[in-house]
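Work through these exercises with the structure open beside you. Try each task before reading its solution.

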Amino acid sequence: MAHQKGSTAHSRDSTIMDKHEKKATVLHKEVGLLSAVCLIVGTMIGSGIFISPKAVLLNTGAVGPCLLIWTACGVLAMLGALCYAELGTMIPKSGAEYFYLMEALGSPVAYLFSWTTVMVAKPSAFAIITLSFAEYASAPFYPECSPPVIVTKGLAAVAIVIIVTINCFSVKLASYVQNIFTGAKLLIIIIIVVAGIVLLAQGNTENLSNAFDGKAVSVGGIGLAFYNGLWAYDGWSQLNFITEELRDPSRNLPLAILIGIPLVIVCYVMVNIAYFTVMTTNELLSSPAVAVTFGDKVLYPMSWIVPLFVVFSTFGSANGSCFTAGRLAYVSGREGHMVEILSFISLRRFTPSPALMFNGFLAILYILPADINILINYFSFAQWTFNGLTMFSLILMRFTKKDLKRPVKVPIIIPIIMVLISCYLVLAPIIDSPDIEYLYCASFILSGLLLYYPFVHLKVEWARRIMRPITVHLQLLMEVVPPEKSE
């Protein structure tokens, strides 16, 4: 029966192919340099710099250390991205850390990365960005109070559906959306920075004088400040998730990094300086949305443009998150680490629509709990664990994979520094505040081995018998086919 259904699916695929131009059923190289830069900038500049830069200030206690942390986080992101440029040009496959870990440390470690990232990290990040979008988009309709939870969560779910639909429809359309919204967020940043420069020229420097006066910062506090700063810089590795769709990756991957990340660093530091020209540390810490408070103080009566452009910024960031997350689920399915249907490609649109829909479905589920910020905080520990392992993989492959071509090659001291910093970012908050949630997070990551051994390593037959008819029916429903083997 399963064989007959498989034959039916095959004949249906053939019929569809007869109606359309017979392009290869693979993800096509449709992302150029401009779109690559916009993907990096657009996913890095989300809601963090507009809504809660105060999280870094809270853990540093003074303006000077706060600005140093923002700069140091940018440098750290740049060093990490340069390491990923070497990895991405050496192993030009989509999926970022997934293939690098597989090549250096083996299939089980790569599986644990995909298990953690596909099931929790990516969809929860997608969810929290769309919740930020929903809060700002609904705020004008509730001027005297906060929008009801049901409204923000409903609007976030609608945004997820729209973004997933855009990404399923066309890679080019998703890239155009990313480019447009990246331009919008750079415009509001320019407005804030220019306003800050004018205020500085007028002598508003009180909050920037004695910038290092304040309480002593603990080791754990520095680690938490880096966590919050790096959350705002999150996205520096996003381009590696779509390497197979990037035109001339040996050139455009490192070039996009060298253009995009310094631009983000300058934007973040200058925006923070602009904030401190009109707000004291106490005002900044008490503000629910720092950019809006800045707009009310400086841009009135045009202050309404700030929340409007924050809506644009968060929507663009959510689009970039969806774009890259779908590729990790896609390559995991293609390598047999996730269910096979996730590796299928739309025959009409040439997009990984099952993987994109799966990521969107999980994101909607993560919207339902009361507060997913806690989830994000504790899974930053997991993210930096895998970042450290990836940097270690780069060092390891210098000795075990000497024959691999390296169009980009960074000094080995850079990945060594990144490994040490990753260890610090993983261990410092745990030592400072050893919450039981870190144990839950580690237990979840390692629980992936309980699935890996029977379903990936042993490939138990009964699981295949169950999944085969489900895969066939989903394939017919969504009009998707397995990807052709790339040369």
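Buried means under 20% relative accessible area, exposed means over 50%, and partly exposed lies in between. Keep these cut-offs at hand. The model is predicted.

**Exercise 1. Find out how confident the model is and where confidence drops.**

Step 1. Start with the whole chain. Its mean pLDDT is 84. Of its residues, 87% reach 70 or more.

Step 2. Look for the weak stretch. Over residues 1-21, pLDDT stays under 50. The model has 20 contacts beyond four places in sequence for this stretch.

**Exercise 2. Describe the chain as a whole: its elements, its burial and its contacts.**

Step 1. Count the elements. There are 19 helices and 2 strands.

Step 2. Check burial. The chain has 487 residues, and 55% of them count as buried.

Step 3. Check the contacts with a separation of 6 or more. Residues 24 or more positions apart account for 84% of them.

Step 4. Turn to the surface. The chain exposes about 20800 Å². Carbon and sulfur atoms supply 67% of that area.

**Exercise 3. Locate the largest nonpolar core and follow Trp-384 within it.**

Step 1. Take the size. The largest nonpolar core holds 141 residues.

Step 2. Pick out the residues with the most contacts inside it. They are Tyr-233, Trp-236, Leu-239, Ile-261, Tyr-275 and Trp-384.

Step 3. List the partners of Trp-384, leaving aside neighbours within four places in sequence. Trp-384 is in contact with Leu-76, Tyr-227, Leu-230, Trp-236, Met-418, Ser-422, Leu-425 and Val-426. Trp-236, one of these partners, is also named among the core residues with the most contacts.

**Exercise 4. Find the nonpolar patch on the surface and the helix that gives it the largest share.**

Step 1. Name the members. Phe-399, Ile-412, Ile-413, Ile-416, Ile-417 and Leu-420 form the patch. Together they have about 540 Å² of accessible area.

Step 2. Find the helix. Helix H17, residues 413-432, supplies 4 residues, the largest share.

Step 3. Test one member. Ile-417 is found in helix H17. Ile-417 counts as partly exposed because its relative accessibility is 33%.

**Exercise 5. Find a cis peptide bond and two residues with positive phi.**

Step 1. Recall the usual case. Most peptide bonds are trans, and most residues other than glycine have a negative phi.

Step 2. Find the cis bond. It runs from Tyr-300 to Pro-301, with omega near 10°. Pro-301 sits in the loop between helix H13 (290-298) and helix H14 (305-334).

Step 3. Go to Ala-96. Its phi is near 50°. Ala-96 is in the loop between helix H5 (63-90) and helix H6 (97-105). Its relative accessibility is 0%, so Ala-96 counts as buried.

Step 4. Go to Asp-248. Its phi is about 45°. Asp-248 lies in the loop between helix H10 (219-233) and helix H11 (249-278). Asp-248 is partly exposed because its relative accessible area is 42%.

**Exercise 6. Place Ala-355 and find what it is in contact with.**

Step 1. Locate it. Ala-355 is in helix H15, residues 353-367.

Step 2. Classify it. With a relative accessible area of 0%, Ala-355 is buried.

Step 3. Find its partners, leaving aside neighbours within four places in sequence. They are Gly-326, Ala-329, Tyr-330 and Leu-342.

Step 4. Read one distance. The C-alpha atoms of Ala-355 and Gly-333 are separated by 8.6 Å. These two residues are 22 residues apart along the chain.

**Exercise 7. Trace salt bridges and say whether their partners are buried or partly exposed.**

Step 1. Start with the total. The whole structure has 8 salt bridges.

Step 2. Take Arg-406 and Glu-86. Their side chains meet in a salt bridge at 3.4 Å, N to O. The pair links distant parts of the chain, 320 residues apart. Arg-406 is in the loop between helix H16 (373-400) and H17, and Glu-86 is in helix H5.

Step 3. Classify both. Glu-86 counts as buried because its relative accessibility is 0%. Arg-406 is buried too, at 17%.

Step 4. Extend the pair. Glu-86, Arg-398 and Arg-406 are linked in a network of salt bridges.

Step 5. Take Arg-348 and Glu-479. Their closest N and O atoms are 2.5 Å apart. This pair also links distant parts of the chain, 131 residues apart.

Step 6. Classify these two. Arg-348 counts as partly exposed at 43% relative accessibility, whereas Glu-479 counts as buried at 18%.

Key. Residues numbered from 1 in each chain as written. Predicted model: local features only at pLDDT ≥ 70, side-chain atom pairs only at ≥ 80, totals over all residues. Heavy atoms only, no water. Core = buried A, V, L, I, M, F, W, Y, C linked by side-chain atoms within 4.5 Å. Buried < 20%, exposed > 50% of the residue type's maximum accessible area, 1.4 Å probe, protein only. Contact = heavy atoms within 4.5 Å. Patch = residues over 30% accessible without salt bridge, like charges linked within 9 Å, V, L, I, M, F, W, Y side chains within 5 Å. Areas by Shrake-Rupley, 256 points an atom, 1.4 Å probe, with all protein chains shown as cover. Salt bridge = Lys/Arg side-chain N within 4 Å of Asp/Glu carboxyl O. pLDDT = per-residue confidence, 0-100.
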